[in-house]
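Reader: I am in my first year and would like a close look at a single part of this structure. Could you take me slowly through one group of aromatic rings and where its members sit?

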Amino acid sequence: RAEQVKPIPLVLTVSPPRAASGYNTERMAFVRQPHMLEYFAKNRWAEMPAKMLGPLLLRALDLRTGFKAVASADGMVKGDMRLDTEITLLQQEFTSSPSRLHMKLRVQLVEPTNYRVLATQVFDVVEAAPTDDPYGGVIAANRMLPRLLSQIADFAAMNGISLSEHRK
């Protein structure tokens with residue numbers, strides 16, 4: 001583990017991230033004016049962003065939290081808590097200068113045995129793009145992701161500690 005964290009005697013499973021309509025694609029979205037989603041003609045993400053987010057999320061949760069184990073929910077592992085994520089917004093915004101990458105991620109922790117929602121939070125992050133083109137958006141995404149993943153790990157750990165203390 002990268003840093004000393006408080007042990008959490010629970011198993012966290014992580015569902016494959018989903019993306020809302022309009023963002024469930026490899027096409028790179030942008031806006032020039034509010035509420036008008038467009039896509040770059042020639043530029044695409046390497047894979048669907050939700051699919052790329054999955055392994056990064058698993059790794060961040062494993063390294064930055066003290067869960068007994070962190071595993072993918074699509075496997076055979078039975079977890080004490082499940083983390084569900086959905087990309088609700090991922091677009092480069094040319095409504096200001098410099099342009100900026102804007103991402104909203106809805107994260108929910110669920111107790112799988114009784115389908116009880118333990119906590120929900122929307123992470124809303126913005127990162128200025130170094131250039132006003134698709135590549136600038138990619139650089140902004142790469143700069144933004146460590147901060148976002150760290151916030152999600154903190155959210156999961158805080159709620160994991162709370163649940164484990166509640167179960168005592």
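Author: What follows is a walk through one cluster of rings, taken pair by pair. Please keep in mind that this is a predicted model, in which four aromatic pairs are found. One of these pairs is formed by F30 and F94, whose rings meet edge-to-face with 5.9 Å from centre to centre and 85° between the planes. Because F30 belongs to strand β3 (residues 27-31) while F94 lies in the loop between β6 (81-93) and β7 (100-111), this pair ties together parts of the chain that are 64 residues apart in sequence. As for their surroundings, F30 has a relative accessible area of 8% and is buried, whereas F94, at 24%, counts as partly exposed, since the buried class covers values under 20%.

F94 also takes part in an aromatic pair with F40, and this pair is again edge-to-face, with 6.2 Å between the ring centres and 85° between the planes. Here, too, distant parts of the chain are linked, for F40 is in strand β4 (residues 37-44) and F94 in the loop between β6 and β7, which places them 54 residues apart. With a relative accessibility of 16%, F40 counts as buried.

Taken together, the ring pairs link F30, F40 and F94 into a cluster, in which F94 is paired with F30 and also with F40.

Conventions:
Residues are numbered from 1 along each chain as its sequence is written. This is a predicted model: local features need pLDDT of at least 70, side-chain atom pairs count only at pLDDT 80 or more; totals for chains, interfaces and linings use all residues. Side-chain values use heavy atoms; hydrogens and water are left out. Rings of Phe, Tyr and Trp (its six-membered ring) pair if their centres lie within 6.5 Å; planes under 30 degrees apart count as stacked, over 60 as edge-to-face and the rest as tilted. Helices (H or I, at least four residues) and strands (E, at least two) are DSSP runs, numbered from the N terminus. Buried means under 20% relative accessible area, exposed over 50%, partly exposed in between (1.4 Å probe, protein chains only).
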